[in-house]
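Please open the model in your viewer and keep the selection tool at hand. The tour moves from one selection to the next and says what is found at each stop.

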Amino acid sequence: QVQLVESGGGLVQPGGSLRLSCAASGSIFSANAMGWYRRAPGKQREWVAVITTGGSTNYVDSVKGRFTISRDNAKNTVYLQMNSLKPEDTAVYYCNVVGRASGWGQGTQVTVSS
């Protein structure tokens, strides 16, 4: 079972940047696509970005050009670099193995506000 620990969230002004990290335990990390997801207040969790084992990436339209997902298989860690943050990016951010419905971590809060 892969366990996930997200970190790096915080309070940032509009236009600012944050880098989220997700440390994964378990041997299946390097064999699976990984994704970042978020849940904004009053909304359902949505996917934000995914990265395959080969490094191919995809993003939800609302973050294209602003967010970058990457992974370090040697460290079992996936990252989300978030630039030009907007108030609508405020949410709890989670990572998970793509397609896995369980095993969510505690997430990390990102608040974009002046």
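Select Glu-46 to begin: in this predicted model, Glu-46 counts as partly exposed, because its relative accessibility of 33% falls between the limits of 20% and 50%. Now add Arg-38, whose side chain meets that of Glu-46 in a salt bridge with an N to O distance of 2.7 Å; Arg-38 itself is buried, at a relative accessible area of 7%.

Next, select Arg-66 and Asp-89, whose side chains also meet in a salt bridge, again listed at 2.7 Å from N to O. Arg-66 lies in the loop between E6 and strand E7 (67-72), and Asp-89 in the loop between strand E8 (77-82) and E9, so this pair ties together parts that are 23 residues apart in sequence. Both Arg-66 and Asp-89 are buried, and salt bridges with shared partners join these two residues, Arg-38 and Glu-46 into one network.

Of the four salt bridges that the structure holds, another to display is that of Lys-64 with Asp-61, where the closest N and O atoms are 3.0 Å apart. Here Lys-64 is partly exposed, at 46% relative accessibility, whereas Asp-61 is exposed, at 60%.

Finally, switch to a cartoon view and follow the open, mixed sheet, whose six strands come in the order E2-E10-E9-E4-E5-E6. Strands E2 (10-12) and E6 (57-59) stand at its edges with a single partner strand each, so one side of each has no neighbour in the sheet. From one strand to the next, the twist averages 25°. Within the sheet, select E4 (residues 34-39) and E9 (residues 91-97), which run antiparallel and are joined by six bridges; Gly-35, for instance, has Asn-96 in E9 as its bridge partner.

Terms used:
Residues numbered from 1 in each chain as written. Predicted model: local features only at pLDDT ≥ 70, side-chain atom pairs only at ≥ 80, totals over all residues. Heavy atoms only, no water. Pairing = 2+ DSSP bridges. Helix = DSSP H or I, 4+ residues; strand = E, 2+ residues; numbered from the N terminus. Axes fitted to C-alpha atoms, helices over the stretch in contact; angles between N-to-C directions. Buried < 20%, exposed > 50% of the residue type's maximum accessible area, 1.4 Å probe, protein only.
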